[in-house]
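This report describes one protein model, from its overall fold to two individual residues. The sequence and structure come before the discussion.

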Amino acid sequence: MDLSNQREQYSKEILRKVTLDENPFEQFAHWFETARNSEIPEPNAFSLATASANAAPSVRTVLLKYFDESGFVFFTNYQSHKALDIDENPQVAMCFPWIALERQIIIRGSAAKIPVATSLKYFLSRPRNSQLGAWVSDQSQIISSRKILEMKLHEIKKRFADRDITLPPTWGGYRIKPSAFEFWQGGADRLHDRFLYTQREEGSNTWSIERLSP
């Protein structure tokens, strides 16, 4: 299939350094609120890129559940492919592809597990069926059929039939602590606006902002 003639002309917005917040977390919050108000499906969905100890890359879509200046939090099975990668190599990248707004945000940083108490608080806020699902799935493991999942779900429902569902020992959250942000706004004739925030010093709350060539 030849897609060479499939293209869009980006013209919704322009992005200038003077309009950016000095704090990338505040700039992210502003763009995120715009995405949410634009009724984009799953505005908190982002691509999470990881790499193993031998630099084999992997990427998948996950859901952001919380963010503040301490980082960006998502939840998963601690035995999943992504979790095993993070155990070996905590350096990750995130991409929020808000194509309808002709925008994307790329964040680089390091991921680490959050405290069990924090994972439990979120787990208890989930719908009961989602809690059950966390017990059922040995995420990323090979299975022979869907029937296995259905049988395990039946067993788990019986196990917790008359009581609250506890936090699975292999399930919890990660917090990604950013070291760089890139805000990308599509521009006419492929002259996109790109601005890179980098920490002036590791662990500092001050950031430099530089324009990147498209």
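## Burial of Gln 131

A residue counts as buried when its relative accessible area is under 20%. The model is predicted, and the burial values below are computed from it. Gln 131 has a relative accessible area of 7%, so it is classed as buried.

Gln 131 belongs to helix α4. Once neighbours within four places in sequence are set aside, its contacts are Phe 123, Leu 124, Arg 126 and Ile 165. One of these contacts, Arg 126, returns in the section on the pocket.

## Overall architecture

The protein contains five helices and nine strands. Their order along the sequence is α-β-β-β-β-α-β-β-α-α-α-β-β-β. Measured out along the principal axes, the box that holds the C-alpha atoms is roughly 60 × 50 × 40 Å.

Among contacts with a separation of 6 or more, 63% join residues that are 24 or more positions apart. The chain has 214 residues, and 40% of them count as buried.

## Surface and charge

The exposed area of the protein is about 12,900 Å², with 51% of it supplied by carbon and sulfur atoms. Positive side chains number 27 and negative ones 26. The centres of these two sets are 6 Å apart.

## The largest pocket

The largest pocket encloses about 330 Å³ of space. Its lining consists of 16 residues, and those nearest the pocket centre are Phe 75, Thr 76, Arg 126, Gln 139 and Trp 171. Two or more lining residues come from each of β2 (57-63), β4 (71-77) and α4 (128-136).

Helix α4 thus appears in two places in this report: it contributes to the pocket lining, and it contains Gln 131. Arg 126 likewise appears twice, as a residue that lies nearest the pocket centre together with four others and as a contact of Gln 131.

## Leu 48 in strand β1

Leu 48 sits in strand β1, which covers residues 45-51. Its relative accessibility is 0%, and it therefore counts as buried.

Not counting residues up to four places away in sequence, Leu 48 touches Ser 58, Val 59, Arg 60, Val 62, Phe 74, Lys 82, Val 92, Ala 93 and Ile 176. Ile 106 is 58 residues from Leu 48 along the chain, and the C-alpha atoms of the two are separated by 10.0 Å.

Notes. Residues numbered from 1 in each chain as written. Predicted model: local features only at pLDDT ≥ 70, side-chain atom pairs only at ≥ 80, totals over all residues. Heavy atoms only, no water. Helix = DSSP H or I, 4+ residues; strand = E, 2+ residues; numbered from the N terminus. Buried < 20%, exposed > 50% of the residue type's maximum accessible area, 1.4 Å probe, protein only. Contact = heavy atoms within 4.5 Å. Areas by Shrake-Rupley, 256 points an atom, 1.4 Å probe, with all protein chains shown as cover. Lys, Arg positive; Asp, Glu negative; His and termini not counted. Charge placed at Lys NZ, Arg CZ, Asp CG, Glu CD. 1 Å grid on protein atoms, 1.4 Å probe; cavity = no way out; pocket = protein on both sides within 12 Å on 5 of 7 lines; lining within 4 Å. Points joined across faces, edges and corners; volume = space filled by probe spheres on them.
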